[in-house]
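Please open the model in your viewer and keep the selection panel at hand. The tour proceeds from one selection to the next.

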Amino acid sequence: MPPTATAGAALQALKAAVIARTGLAYYADKDAALARAVAGRLKHLRLADLEGYLPRLKPPGGEAEWQELIDAITIGETHFFRYAAQFDALRDLVVPDCLARRQAERRLRIWSAGCACGPEPYSVALLLDHVFGYLLSGWEVGILGTDINRRELERAEQGAFSEWDLRDLPEAFRARYFERAGRGLRLLEPYRRRVEFRLQNLLDDGLEFARRNQGQFDIVLCRNVMIYFDPEGCRRLLAALHEALAEDGWLIVGHAEPHFEIANLFQPLSAPGTTLYRKQVGASVRPARPVLPPLTIAAPVWPDPTPGPVPSPEPPPPVQDTTTPPVAPPPAAAAPADPMTEVRQVANAGDWPRAEALCLARLQQDSLDADAHFLLGLVLGQRGDPAGSEASLKRAVYLDRRFALAHYHLGMAAAARGDAAAARRALRNVHDVIEPLPETTAVRAGDGLSAAELGGLVELQLGALEARR
Ligand SMILES: C[S@@+](CC[C@H](N)C(=O)[O-])C[C@H]1O[C@@H](n2cnc3c(N)ncnc32)[C@H](O)[C@@H]1O
């Protein structure tokens, strides 16, 4: 006879202990499902019945068996880019808003609470890289995935997934971020490193973690976790997530789980196909309309230099006339295939002086390199030289009138110094350049940014300019 997790007092005792420890009230009326889930443990331990199993959960040594049991009873259904509308909202609203609010600190923290084997936090990491990579250079981005199931977390760290896990992954992501591994695919190592995974019980040490990290997170995803909890468990968890979120931080829950307590703590905001929640601070009620991000998405808050036309119709002044004092070029080294690759790497590491020196060295070799002017413009912006930045960006668009990203950054620069008309003109230039392109076309110097994605950013910025009129 196979071992059985018999009904009766032992099962009721186990159920009560499971719910008290994990919050999984889901099992309250699912005796058969719990019995099935625990049957594997009985078999493994060669136990005939649950009466013999319960003592194994007690000290000493009970903790290890608890972990085995939890690994067996939690439900880890997940996949990459699950609920596409929520990832669209992250791309179009939530991340741009966070980028704008965190310009000064250049720090972004995201928590995937109940992440199972990792597709949720990894999807966020890939979205950030693919759409916002070039904007986030030099930022400190922390993505944390936590779960109560240790085995799921081990899988997450390995980053190996089945075709089924990747069923909603956009094709461009598959080719760029994964390698074949057996019958499935493995996330490439540099991207695996972008998420930190930790074992955590959201209703136990997770509550303490939220308290210790008060106001630290810009975005918390807690999707398809609370559906397994009872109302009191949800209430405690929501209060903790509220505490962990920064002022105006965003909470994203699964479609099926708006809880009455959410409305008390968070401001609901409608986005296409989904509802998002924003931390409410104090008693003030904000209008229930989509939030349009401020205009500083791609640029630091710049001081107020003299306004100028965008883009400049004049030919570019010689490079040595730049307002930035010349910086000694770095010592000669083996040149990478694309001279700008090294600039990007150095800029990503936040070494702006060296990035500037590399750009200037490149321009001494070829003063007509539009990419070098463009990157120099971004670097000078980071170094607090808005006039020099704008001059370099103008050179880039003079050399290539179809340089959409350079127009875009000129628009951001104009908006930052308060010239909304010039900002609108530059953003319309972007639109004119990308409109005839197929949506998936990678834009020049965009590090994988597609024409459609840049178009979305332009719409967002034009909307924000309208809202400010
Ligand atoms: C259905 S999965 C959701 C995965 C992912 N958030 C998504 O929506 O695709 C639910 C996850 O919540 C985890 N979980 C359940 N109770 C938990 C608790 N008390 N603390 C932390 N994680 C828990 C489970 O282990 C499981 O991996």
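The stops below cover the ligand and its surroundings, then two individual residues. Please note that the model is predicted.

**First stop: the ligand.** Select the ligand together with its surrounding shell, which comprises 22 residues. Thr78, Gly114, Asp147, Leu202 and Asn224 are the closest of these. By character, the shell divides into eight nonpolar, nine polar and five charged residues.

Next, display the polar contacts of the ligand. Select Gly114, where a backbone N or O atom lies 2.8 Å from a nitrogen atom of the ligand. Then move to Leu202: here too a backbone N or O atom is found 2.8 Å from a ligand nitrogen atom. At Asp147, by contrast, select the side chain, since one of its polar atoms lies 2.6 Å from an oxygen atom of the ligand. The ligand taken alone exposes 600 Å², and the protein buries 99% of that area.

**Second stop: His242.** Select helix 11, which spans residues 231–244 and contains His242. Is His242 buried or exposed? His242 is buried, because its relative accessible area is 16%, below the 20% limit for that class. Beyond its neighbours within four places in sequence, display Leu265, Phe266, Lys279 and Gln280, with which His242 is in contact.

**Third stop: Tyr398.** Proceed to helix 16, residues 386–399, where Tyr398 is located. Tyr398 counts as partly exposed because its relative accessibility is 33%, a value between the limits of 20% and 50%. Finally, add Leu368 to the selection: Leu368 and Tyr398 are 30 residues apart along the chain, and their C-alpha atoms are separated by 9.8 Å.

Terms used:
Residues are numbered from 1 along each chain as its sequence is written. This is a predicted model: local features need pLDDT of at least 70, side-chain atom pairs count only at pLDDT 80 or more; totals for chains, interfaces and linings use all residues. Side-chain values use heavy atoms; hydrogens and water are left out. Helices (H or I, at least four residues) and strands (E, at least two) are DSSP runs, numbered from the N terminus. Buried means under 20% relative accessible area, exposed over 50%, partly exposed in between (1.4 Å probe, protein chains only). Contact means heavy atoms within 4.5 Å. A residue is near a molecule or strand if one of its heavy atoms lies within 4 Å of it. A polar contact is a pair of N or O atoms within 3.5 Å; within protein, one must be able to donate a hydrogen and the other to accept it, and residues adjacent in sequence count only if both atoms are side-chain atoms. Accessible areas come from the Shrake-Rupley method with a 1.4 Å probe; for residues, only the protein chains shown count as cover. Ala, Val, Leu, Ile, Met, Phe, Trp, Tyr, Cys and Pro count as nonpolar, Asp, Glu, Lys and Arg as charged, and the others, Gly among them, as polar.
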